[in-house]
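Reader: I am new to this structure and would like a close look at one part of it, namely how its pieces lie against one another. Please take me through that slowly, beginning with a small example.

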Amino acid sequence: MPTLWLSDGQKFGVAFCSGGFFFLVFGLILFFDRALLAMGNILFLVGITLLLGPARTFAFFARRNKWRGSAAFWAGILLILVRWTLVGFLVELYGMFILFGEFFKTIAGFAYNIPVVGPYLAKALQAAGDKAGANDRAHKDLPV
């Protein structure tokens, strides 16, 4: 099976991000279980660091035009750790929307090719990307 362009450290990063996603989903299914949400956050952050590297991860979270998203993301993690899980998750979700919202336009390009619902889904993802602050030059300052 071809491995594409990922190094071994990046493969571990993908595994950690996937594990973090599954822990977050299970934490939601179990009515905002604090331990699962905290573990999902930790695994997600470790995975992003392994996937991008420490310098690029810091550059991603420290972008000047995304300071609100970074602050909300970190505040959400802190609120989850101090047992305000519902409020913390909502604040963290807002931060993730602001931080990763530019990616919605990329997904919209692929979603357009889905039969029947593709054009509608692509239009919704385009609108979400616009609301998150994506514009024509938004991808020029990304560290990846």
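**From one helical turn to helix packing**

Author: Lysine 11 and aspartate 8 are separated by about one helical turn, because they stand 3 residues apart in helix α1, which covers residues 8–29. In this model, which is a predicted one, the side chains of lysine 11 and aspartate 8 meet in a salt bridge, with 3.8 Å from N to O. The count of salt bridges comes to 4.

From there we can turn to the part you asked about, where helix α2 is a good place to start. Helix α2 spans residues 34–52 and packs with helix α4, residues 67–81, at an angle of about 145°, their axes lying 9 Å apart. In this pairing α2 passes α4 in a left-handed crossing. On the α2 side the contact is made by Arg34, Leu37, Ala38, Asn41, Phe44 and Leu45, while α4 brings Phe73, Trp74, Ile77, Ile80 and Leu81. Sorted by class, the residues of this contact of α2 with α4 are 9 nonpolar, 1 polar and 1 charged.

The other partner to consider is helix α3, residues 54–61, which packs with α2 at an angle of about 120°, with the two axes 6 Å apart. Here α2 passes α3 in a right-handed crossing. From α2 the contact uses Leu45, Ile48, Thr49 and Leu52, and from α3 it uses Pro54, Arg56, Thr57 and Phe61. By class, the contact of α2 with α3 consists of 5 nonpolar, 2 polar and 1 charged residues. Leu45 of α2 thus appears in the contact with α4 as well as in the contact with α3.

Moving further along the chain, we come to the surface, where Leu78, Val82, Trp84, Leu86, Val87, Leu90 and Leu93 form a nonpolar patch with about 680 Å² of accessible area together. Helix α5, residues 85–100, gives the most to this patch, with 4 residues, and leucine 93, one of the patch residues, lies in that helix.

A last stop is alanine 128, which is found in helix α7, residues 118–131. Leaving aside residues up to four places away in sequence, alanine 128 touches Phe97 and Phe104. Alanine 128 and alanine 108 are 20 residues apart in sequence, yet the distance between them in space is 9.7 Å, C-alpha to C-alpha.

Conventions. Residues are numbered from 1 along each chain as its sequence is written. This is a predicted model: local features need pLDDT of at least 70, side-chain atom pairs count only at pLDDT 80 or more; totals for chains, interfaces and linings use all residues. Side-chain values use heavy atoms; hydrogens and water are left out. Axes are lines fitted to C-alpha atoms, for helices over the stretch in contact, and angles run from 0 to 180 degrees between N-to-C directions. Helices (H or I, at least four residues) and strands (E, at least two) are DSSP runs, numbered from the N terminus. A crossing is left-handed if the near helix is turned anticlockwise from the far one by less than a right angle, and right-handed if clockwise. Contact means heavy atoms within 4.5 Å. Ala, Val, Leu, Ile, Met, Phe, Trp, Tyr, Cys and Pro count as nonpolar, Asp, Glu, Lys and Arg as charged, and the others, Gly among them, as polar. Patches are made of residues with over 30% relative accessible area and no salt bridge: like charges are joined within 9 Å, nonpolar side chains (Val, Leu, Ile, Met, Phe, Trp, Tyr) within 5 Å. Accessible areas come from the Shrake-Rupley method with a 1.4 Å probe; for residues, only the protein chains shown count as cover.
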